[in-house]
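Trainee: Could we take a close look at a single part of this protein, namely its charged side chains and the pairs they form?

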Amino acid sequence: MTDTARIPDKPALEGLESVWGGTWEREGTYRFDRTAAPREQIYSIDTPPPTASGSLHIGHVFSYTHTDLAARFQRMRGKHVFYPMGWDDNGLPTERRVQNYYGVRCDPTLPYDPDFTPPFEGADGKSVKAADQIPISRRNFIELCERLTVEDEQHFEALFRMLGLSVDWTQSYRTIADEALFTSQLAFIRNVERGEAYQALAPTLWDVTFRTAVAQAELEDREQSGHYHRVSFHRPDGGVIEIETSRPELIPACVALVAHPDDERYQPLFGTTVTTPVFGVEVPVLAHHLAQKDRGTGIAMICTFGDVTDVVWWRELDLPNRAIIGFDGRIIAEVPEAISSAAGRAAYAEIAGKTTFSAKQAVVQQLRDSGDLLADPKAITHPVKFYEKGDRPLEIVSTRQWYIRNGARDEQLRERLIAHGRDIDWHPDFMRVRYENWVDGLSGDWLISRQRFFGVPIPVWYPLDEAGDPKFDEPIVATRDLLPVDPSSAPAPGFDEAQRGEPGGFIGEHDIMDTWATSSLTPQLAGGWERDPELWNLVFPYSMRPQAQDIIRTWLFSTVLRAELELGEKPWSNAAISGFIVDPDRKKMSKSKGNVVTPAGLLEQHGSDAVRYWAASSRLGTDAAFDPQNPTQVKIGRRLAIKVLNAAKFILAFDGSADAPVTMPVDRSMLAELASVVDRATRAFDGYDHARALEVAETFFWTFCDDYLELVKERAYGEPSPEQASAVAALKTALDVMLRLFAPVIPFATEEVWRWSHDTSVHLASWPTGGDLAARGEAGSELLELASLALTGIRRAKTDAKASQKTPALRATIAAPVTSITLLHSVASDLRAVGRIIELSFVEGEAFEVRDVALEAPSE
């Protein structure tokens, strides 16, 4: 029963977040109870762990609301929902934020200072130039990383709670915590044991700013201006071969020329040699199918290494390595052995130590002086590889790195990964193609080592020979009992710390794992793999992976890969892919573009339910435009939430029970239509189409408020009678159902109203079923539609006459087909009452029409 004392005089949205958020936490509303959860009744979510660095943006609100809609729906469907939250707190973004925030940088050669105090905190640190940042030890740097990420995570959690995410906060995890380190390192060790992880000295995409290797999944192409230089290579017979290159500074690293095997122009030259200009190195002319006949002169130089195609040619044609670019992006001082002439070595000395930009200018001048520059450079714009978080073009250097096999060179593994993708239900389905295209386009194994500081250490040491040189081919891999472990501070098994760096001793691996190497294990991290078998067996494989579309190639693919390698199965049944948030000009919002909107102010100004409504209005996979100056959908959502409060207060004030018999045809018709709404909304939610579910429910709600409620309110206000009881029962039954339909979208307003008449949460109530309502709504939905049309027509007539809706009408006539007239007679008394009509008549007509509405009041 409704406790009228619980209903405020003026219901409002303000403050509901703190009131009900605190109540949900105290009551454990969203707590996952493993003891009450049989496996078949569990709905487990592999929640995206946001990067705990800086601030959340409107895109987080958008996509995390989509996840919460599914969680709330499944919980009301009777599922035990496992809904954890992780924090992705290791990796480059955190390091950069710490550098800016505290005004420091890491120097692993420095000793630990237990009394260190950073020179800045907060905004002041952001004004410190990189060159002025104070160097500190790795341990001091990591302590600052941990301190700042904990602070950021607290802010993030507070915002997510304000948003109303129904997360079980007792199931949270951090990707840098001991449990995460254990899981990541154990998975890596298993990869090594099975031969899936390996170390190799190979060409590596390298960011010279951050001094770290970059994986294929972290690349992005950016259009850059440059120049093509037409250059001559010298044939033994005195002739020349002309090539065009955008990187003349790499001519000293040239190892071959290459043309397409079908190119008749160069077929006679295959197998011969030419000499490089300026540097005088003899290189072969070879054939390869990746050469493009219609690009430039049709023949290209292969350098070690100018781009990823050079790497493919180098590998497949078995060419020597003459890399000349160092880790700092400058030309190395050591002259390649292949440059043997005095003139060539002197030319190389002129570029040694220069940046690639300065070296390019110097080599172009050398080519001019030698006569080998055949034309003025031609301006071009072309795509250049960048690290997605970097500001300078990537270089390719030779480094020793750790890799995990990903199917690029293993057709059987690739086919299994494709099969898993096809076995997952994608929402929307077309996103599957992006996954398959990525898998089919892999060009190399997954590079997982990073030359950074804050992350999961690679659990490996290397023995030193008697000369003190590392034996990289004999790595000492940690055993399970040692995990988690940091080889840079813990001695290798069988050694003591005094032997670190000594001949015959050991050195620890200083590299850390790529952040995706940990994030790819989020099912294992949250589900207690190898730590909590009971929980793991309950939640894995998960029901859903929600995420953004731009990390299908990174997070989604890598998670499928790790599940296949370790467990031989897919990690989840469903993949729910959110679209992007774009600004009013349809440009993707991002920090780099400076058009990101932070959500805190939006939530405070409009209320969380309003912002959630905006997010819920967009289907999965669809980009949503957002204008912070005029957030139209947010305002509509706020209007809906307020209307729910006010309509509920109005309905609950009527005297009567929801359990009374519903006898009047129009009341039964309304419930029949609501039963159809419930069925359609349920099908939409089952198909991960929350936007359609909201649309269906909201459309009915406004018809209910504007038409049905207005139509029957006079009867509901009347003296007790079967007709009055029918109206009140129908109104309260419909309200109960609509609150549950709206609960996933506007959880605060619906909880507020629900608690006026219930002692437990609406979010633990059962999802409504059409069958329950259909039994009380046998009249069908046609009558409700006719009644709405009649009421709208009467209102319009009064409006056209510029009269108040309260103005009595002497008479009104409704024309309709015979079958409709029969139905309208059953609602005539309600129409007369709400329309203040003294005489209402129905006449036969071909179409429905309200006419002859006379507003003159009868004389006394």
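Mentor: The account below turns to salt bridges and then to one charged residue without such a partner. The model is predicted, so that local features need pLDDT of at least 70 and side-chain atom pairs count only at pLDDT 80 or more, while totals for chains, interfaces and linings use all residues. Residues are numbered from 1 along each chain as its sequence is written, and side-chain values use heavy atoms, with hydrogens and water left out.

The whole structure holds 52 salt bridges, each a side-chain nitrogen of Lys or Arg within 4 Å of a carboxyl oxygen of Asp or Glu. In one of them, the closest N and O atoms of Asp532 and Arg34 are 2.7 Å apart. Asp532 lies in the loop between α12 and α13 and Arg34 in the loop between α1 and β1, so the pair ties together parts 498 residues apart in sequence. (Helices are DSSP runs of H or I with at least four residues, strands runs of E with at least two, numbered from the N terminus.) Asp532 is partly exposed, at 22% relative accessible area, and Arg34 is partly exposed at 26%; buried means under 20%, exposed over 50% and partly exposed in between, with a 1.4 Å probe and protein chains only.

Asp46 and Arg545 form a salt bridge at 2.6 Å, N to O, and both are buried. Glu95 and Arg452 also pair at 2.6 Å, and both of these residues are buried.

Glu17, in helix α1, is buried yet has no salt bridge, the nearest side chain of opposite charge, Arg638, being 7.2 Å away. A polar atom of the Glu17 side chain lies 2.9 Å from the backbone nitrogen of Ser608.

How values were computed:
Lys and Arg count as positive and Asp and Glu as negative; His and the chain ends are not counted. A polar contact is a pair of N or O atoms within 3.5 Å; within protein, one must be able to donate a hydrogen and the other to accept it, and residues adjacent in sequence count only if both atoms are side-chain atoms.
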